[in-house]
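Biologist: I should like to learn how to read a structural model. May we go through one together, feature by feature?

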Amino acid sequence: MKLPRWFHRLGSPPHVYGLADAVAPWLGRAGLALMAIGAVWGLVFAPADYLQREVYRIIYVHPQSAYVSMMAYTIMGVAAGVGFIWRIKLAHAVAVSTAPIGTSFTFLALATGAIWGRPTWGTYWDWGDARLMSELLLFFLFLGYLALRAAFDDRDKADRVSAVLAVVGIVNVPIIHYSVEWWRTLHQGPTITRFDEPAIDVSMLIPLLIMIAAFTLVFFWLLLRRLQAEIVERERGTRWLRGLLGGATA
Amino acid sequence: MSEFFAMGGNGAYVWSAYGITLVVLIWNIWAARARLKRNLREAARDTAVEEPVQRPKVTQL
């Protein structure tokens, strides 16, 4: 099978750097604009919930953070695996770039969830809830990945060892997703991704979807910027980077 | 207006959730930007190394 040219170029640091530099600003603008629209829509125009009243409005930031945290881990694990198997340095660079963003969004999902839990469940935290535990495990997987990398001075070694942890941890992602169905504990079931119709009114669903799109765009914006930083760090001294920085290329 | 901020008595929960989200967002943007800037600056220093190093002049002790 012959792979297309654009696919091969995704392994080229200068090409990917240029691509990220061109695409990132638009992702950022679109993401932040949608986030502003979604926040105003969700806080002001969406109706109050019949049961939870106003406090349900946390739904416009909480599931999005959790979804980004899971997407980030999946990307990190797959990229690390690709880097490990085919020894593609750029894939490791993607994995490293995803980790801090994923960690912060996992923290955000846990924090907003705890804040939401207090008025609705009567508690910030429940050590027996499967969803909460698996998301907390995700947080520790991210931290473990970062800590493991920090333990190595040699970058290639850090890439390869941390990749093993990243790949193994992927198992936790479907566990988080299905935790609410496998163990019916405190956390509610899925709202949108159900086989029948979504369990939410359209007037609340639209800002929810806007926020999901906004969080996704912002995530990829941050990822591309961090990837650029990672490429610059890994490509120091190369001719293309000197050319980019206006130094001598000869 | 104050009714809006009160969020039916649950204002503290709603606004702290949105506040934390904003803080995490701003940290992410700042951190990604700072890292790219720093790495570019450090890489630019490599290209400058080839120029003759200026000896510091000792004018006073």
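Biologist: To begin with burial, what percentage of the 61 residues of chain B count as buried?

Modeller: Please bear in mind that this is a predicted model. A residue is called buried if 20 or more other C-beta atoms lie within 10 Å of its own. In chain B, 18% of the 61 residues meet that criterion. As to its secondary structure, chain B has two helices and zero strands.

Biologist: How many residues does the largest nonpolar core have?

Modeller: In soluble globular proteins, nonpolar side chains tend to be buried together. Here, the largest nonpolar core has 72 residues, and I58(A), M76(A), A95(A) and F219(A) have the most contacts inside it. Among the elements that each supply at least two residues of this core are α2 (13–45) and α3 (62–86) of chain A, and also α2 (11–48) of chain B. The largest share comes from α8(A), with 17 residues.

Biologist: Which residues does F219(A) touch, not counting those up to four places away in sequence?

Modeller: With those neighbours set aside, F219(A) is in contact with V68(A), M71(A), A72(A) and I101(A).

Biologist: How many residues does the contact take from chain A and from chain B?

Modeller: Chain A provides 31 residues and chain B provides 25 residues. On the side of chain A that touches chain B, α4 (89–121), α8 (202–234) and α9 (239–244) each supply at least two residues. The helix that gives the most to this side is α4(A), with ten residues.

Biologist: Which classes of residue make up that side of chain A?

Modeller: The side of chain A that touches chain B has 16 nonpolar, six polar and nine charged residues.

Methods
Residues are numbered from 1 along each chain as its sequence is written. Chains are lettered from A and ligands numbered from 1 in the order in which they are written. This is a predicted model: local features need pLDDT of at least 70, side-chain atom pairs count only at pLDDT 80 or more; totals for chains, interfaces and linings use all residues. Two residues are in contact if their C-beta atoms, placed from the backbone, lie within 7 Å. Helices (H or I, at least four residues) and strands (E, at least two) are DSSP runs, numbered from the N terminus. Ala, Val, Leu, Ile, Met, Phe, Trp, Tyr, Cys and Pro count as nonpolar, Asp, Glu, Lys and Arg as charged, and the others, Gly among them, as polar. A residue is buried if 20 or more other C-beta atoms lie within 10 Å of its own, exposed if 12 or fewer, and partly exposed in between; C-beta atoms are placed from the backbone. A nonpolar core is a set of buried Ala, Val, Leu, Ile, Met, Phe, Trp, Tyr and Cys residues joined through C-beta atoms within 7 Å.
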